[in-house]
Amino acid sequence: MHHQRKVGKWKLGVVLLLLGVSGLTACRENAVNDLSPADSPVYITNYDRSVNFGQYKTFSLPDSVIIESNDSYSMTQTDVSGRFVTNVANALTAKGFRRVTKGENADLGVAIIRVNNQYTGVASNPYSYYSNYWGGGFGGFGGYGYSPYYPSYYTYQVTDQYWEIQIVDLKNRPAASTGTTQAQLNVIYDATIRSTDITDQQAVDTAVTAIFNQSPYLKATE
């Protein structure tokens, strides 16, 4: 399936700012429970199949990793994030791309993102009416007690944590935005690491190697 993603208006400014570039379920429940730590990470890669990666020569990659948390953004520099930056830069260099320093024009903008989202919701229990059925009313055979249907409510929290590598097209960027219309950059490559969190440098090595091994199309023309 042809896949092309665009950086949304709400996210474009953040990506440009943090890149420092001018202008710029499993089908079965608990399906990964029986996997070993080495097997449990899931590497998902996708790219724009209309793009010829051979047209790009250079890339810009900041030294920091973006932390995305419920639409808020910050930067971090830790041993793990630093390992990510180094490994991604080395992998792209090995594929024929050249990393430029901050402030130089680049054909590609690369962002390494640590997503840590938490969502809280409210849901109702539609069967709260039957709580009396198994107790002192019908269930206790002590009479014909009756409770009106008032659904009970409860809150829940979902945590979504994963790592992501995004590459945007800076070489063919749209014209600068005018008025209320904001230019959008194409995300031409996206890699996601899910299932198991990455907390040490060895895990970073394994993940980055796996991602770029399954992305043979991602290379510059020699």
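A residue counts as buried when its relative accessible area is under 20%, and by that standard 36% of the 222 residues of this chain are buried. The structure is a predicted model, and the chain in it has 3 helices and 9 strands. Followed along the sequence, these elements come in the order β-α-β-β-β-β-α-β-β-β-β-α.

**Aromatic rings**

- A pair of aromatic rings is described by the distance of the centres and the angle of the planes.
- The model holds 6 aromatic pairs when ring centres must lie within 6.5 Å of each other.
- One of these pairs joins Tyr47 and Phe53, whose ring centres are 6.3 Å apart and whose planes stand at 55°, so the pair is classed as tilted.
- Both of these residues also belong to one aromatic cluster, which is formed by Tyr47, Phe53, Tyr56, Tyr189 and Tyr217.
- Within that cluster, Phe53 has a relative accessible area of 3% and is therefore buried.

**Charges over rings**

- Tyr47, which takes part in the cluster, also has Arg49 lying over the face of its ring, at 4.6 Å from the ring centre.
- A further arginine, Arg194, lies over the face of Tyr162, and here the separation from the ring centre is 3.9 Å.

**Helices H2 and H3**

- Two packed helices are described by the angle between their axes and the distance between the axes.
- Helix H2 covers residues 79-94 and helix H3 covers residues 201-213, and their axes come within 9 Å while crossing at roughly 30°.
- Angles under 35 degrees count as roughly parallel, and H2 and H3 are therefore described as roughly parallel to each other.
- The crossing in which H2 passes H3 is right-handed.
- On the H2 side, the contact is made by Asp79, Val80, Arg83, Phe84, Asn87, Val88, Ala91 and Leu92, while H3 contributes Gln201, Val204, Asp205, Val208 and Phe212.

**Phe97, in the loop between H2 and E6**

- Phe97 is placed in the loop that runs between helix H2 and strand E6, and with a relative accessible area of 3% this residue is buried.
- Although Phe97 and Thr58 are 39 residues apart in sequence, their C-alpha atoms are 5.3 Å apart in space.
- When neighbours within four places in sequence are set aside, Phe97 is in contact with Phe53, Tyr56, Lys57, Phe59, Leu92, Leu108, Leu218, Lys219 and Ala220.
- Among these contacts, Phe53 and Tyr56 are members of the aromatic cluster, and Leu92 is one of the H2 residues that make the contact with H3.

**Gly103, in the loop between E6 and E7**

- Gly103 lies in the loop between strand E6 (98-99) and strand E7 (108-125).
- Gly103 counts as exposed, because its relative accessibility is 67% and the exposed class begins over 50%.
- The C-alpha atoms of Gly103 and Ser60 are separated by 9.0 Å, with their positions 43 residues apart along the chain.

**Asp160, in strand E8**

- Asp160 is part of strand E8, which spans residues 152-169.
- Asp160 and Asn70 are 90 residues apart along the chain, and their C-alpha atoms are separated by 9.9 Å.
- Leaving out residues up to four places away in sequence, Asp160 touches Val115, Asn116, Asn117, Tyr119 and Arg194.
- Arg194, named among these contacts of Asp160, is the residue that lies over the face of Tyr162.

Technical notes: Residues are numbered from 1 along each chain as its sequence is written. This is a predicted model: local features need pLDDT of at least 70, side-chain atom pairs count only at pLDDT 80 or more; totals for chains, interfaces and linings use all residues. Side-chain values use heavy atoms; hydrogens and water are left out. Rings of Phe, Tyr and Trp (its six-membered ring) pair if their centres lie within 6.5 Å; planes under 30 degrees apart count as stacked, over 60 as edge-to-face and the rest as tilted. Buried means under 20% relative accessible area, exposed over 50%, partly exposed in between (1.4 Å probe, protein chains only). A charge sits over a ring if NZ of Lys or CZ of Arg is within 6 Å of the ring centre and within 35 degrees of the ring normal. Axes are lines fitted to C-alpha atoms, for helices over the stretch in contact, and angles run from 0 to 180 degrees between N-to-C directions. Helices (H or I, at least four residues) and strands (E, at least two) are DSSP runs, numbered from the N terminus. Angles under 35 degrees count as roughly parallel, over 145 as roughly antiparallel, 65 to 115 as roughly perpendicular and the rest as oblique. A crossing is left-handed if the near helix is turned anticlockwise from the far one by less than a right angle, and right-handed if clockwise. Contact means heavy atoms within 4.5 Å.
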